[in-house]
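Subject: Structure for you to look at

Hi,

Here is the structure I promised to pass on. Have a look at it first, and then read my notes below.

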Amino acid sequence: MRNDQLFVFGYPPEFLEKLGAQYADSPMAAADVVSNIGDVSALSMAQFHLREGRFFREVLEPFGLQDMMWFPALRTGGRMASLHASRKNVAPRYQEHDVGLFNLLAPHVCRALAISDALDIRALHSEMLEKTLDGLAAGVFLTARDGQVVYMNRAAEQQVRAGTSVRLANNRLAPTDSAARAALSKAIGESTRDGAADSHASEHSVAIPDAVGGGYIATLLPIESGQRRGILAPFAASVAVFVQDPIQAPPMPGEAFARLHKLTGGERRVLLALSQGLGGMEAADMLGISEATVRTHLQHMYSKTGTSRQSDLLRLLSNSAPPLGVH
């Protein structure tokens, strides 16, 4: 793992080079692995045996330093970060008061780095996710716990621009129909309750009519916990709201179809994704599960529905949709 000093003040380049070369063997590197994020330590603490170590003799002492204080601030699969301060021989070693001040600072630094890391992840990975969502016929609105919309795909933006059934009010998804607006707000609230993401009953469908007899069907999927949270972490979203015009595309899988074939919540979510034209890998990315899990859910659905291929399963789903009225 590369060792970078991102923000440096008061250290000569020679010291930074020496620190970088020997940091992996230092007491600080070991503590970064075993300590909790934000836990403050100082080399002068008894457990580090400061003056007995090679790190003190070869790195600190030649540059007139007698103590260092630090805390691990970020630990992910690909990154570790920590914040350090040091004192020269002319100053006393760090005391309990100094550690207390660092403890006050630690949560803010850890939060800032966590946000920065999430933004970097979005820059690296969300382009593929956004491209996948933009390919859906349904509008996809990702909302926070308070209902604020944090992302819209291309279809969702078109639905808002049309303004016949859905609009944004104070950055919240607001159906033009008052009853639908209240129902959607209630559904989003119920979808963000603790444990909702693991509950089949937490999935909601809401009718969003327009003023001339048409409108949309909105289906809500909790994404705040579990593996789905990981894939959508860059958006800081809690609920995915799929908004679809039933005249332009078949209705999304409903409660009746799931009950008829005894589908689990996980199986229904996979079917929902596949019915929107996603492939197995794209559905896995969208739902925050592995592609192997998608295949397992498919096998279970084949057995329950008497089908043997994905195309047959989706055809059965389409045939099970209620017929559209002809005027």
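A good place to start is F15: its relative accessibility is 0%, so F15 counts as buried. Before I go further, keep in mind that this is a predicted model.

**Aromatic rings**

The structure has four aromatic pairs. One of them joins Y11 and F15: the ring centres are 5.0 Å apart and the planes are at 25°, so this pair is stacked. Stacking counts for planes under 30 degrees apart, and that is the cut-off the 25° of Y11 and F15 is held against. While F15 is buried at 0%, its partner Y11 is partly exposed, with a relative accessible area of 23%. Ring pairs also bring in F63, so that Y11, F15 and F63 are linked into a cluster.

F71 and F102 make another aromatic pair, this one edge-to-face, with 5.5 Å from centre to centre and 70° between the planes. What does this pair tie together? F71 sits in strand β2 (residues 65-75) and F102 in helix α4 (residues 96-134), so the contact ties together parts that are 31 residues apart in sequence. Both rings are covered: F71 is buried at 0% relative accessibility, and F102 is buried with a relative accessible area of 11%.

F71 has one more link worth a click. I37 is 34 residues from F71 in sequence, yet their C-alpha atoms are 7.1 Å apart in space. You will find I37 in the loop between α2 and β1 (41-42). Unlike buried F71, I37 is partly exposed, with a relative accessible area of 38%.

**A nonpolar patch**

Staying with α2, look at V34, which belongs to that helix (residues 27-34). Is V34 buried or exposed? Its relative accessibility is 68%, so V34 counts as exposed. Together with V33 and M80, V34 makes a nonpolar surface patch of about 290 Å².

**Salt bridges**

I get six salt bridges in total. One of them is between the side chains of E58 and R54, with 3.1 Å from N to O. Both residues belong to helix α3 (residues 54-60), where they are four residues apart, about one turn of the helix. E58 is partly exposed, with a relative accessible area of 31%, whereas R54 counts as exposed at 52%.

Further along the chain there is a small set to look at together: R309, D312 and R315 are linked in a network of salt bridges. D312 takes part in two of the contacts I looked at. With R309, the closest N and O atoms are 3.3 Å apart; with R315, the closest N and O atoms are 2.9 Å apart. R315 and D312 are three residues apart in helix α12 (residues 310-319), so about one helical turn separates them. R315 is partly exposed, with a relative accessible area of 47%.

**Two helices to compare with your own view**

Helix α6 (residues 178-191) has 14 residues, which at 1.5 Å a residue should span 20 Å; the end C-alpha atoms are 20 Å apart, so the two values agree. Which residues of α6 are buried? They are A180, L184, A187, I188 and S191. Seen down the axis, the buried residues of α6 fall within an arc of 100°, so they line one face of the helix. A179 and K186 are exposed on the other side of α6.

Helix α9 (residues 265-275) is mostly covered, with ten of its eleven residues buried. The buried ones in α9 include the charged-looking run E267, R268 and R269, as well as V270, L271 and L272. Just after α9 comes G277, which takes a positive phi of about 95°.

That is everything I have for now. Tell me what you make of it when you have had a look.

Cheers

Terms used
Residues numbered from 1 in each chain as written. Predicted model: local features only at pLDDT ≥ 70, side-chain atom pairs only at ≥ 80, totals over all residues. Heavy atoms only, no water. Patch = residues over 30% accessible without salt bridge, like charges linked within 9 Å, V, L, I, M, F, W, Y side chains within 5 Å. Areas by Shrake-Rupley, 256 points an atom, 1.4 Å probe, with all protein chains shown as cover. Salt bridge = Lys/Arg side-chain N within 4 Å of Asp/Glu carboxyl O. Helix = DSSP H or I, 4+ residues; strand = E, 2+ residues; numbered from the N terminus. Buried < 20%, exposed > 50% of the residue type's maximum accessible area, 1.4 Å probe, protein only. Phe/Tyr/Trp six-rings, centres within 6.5 Å; stacked < 30°, edge-to-face > 60°. Expected span 1.5 Å × (residues − 1). Arc of directions from axis to C-beta.
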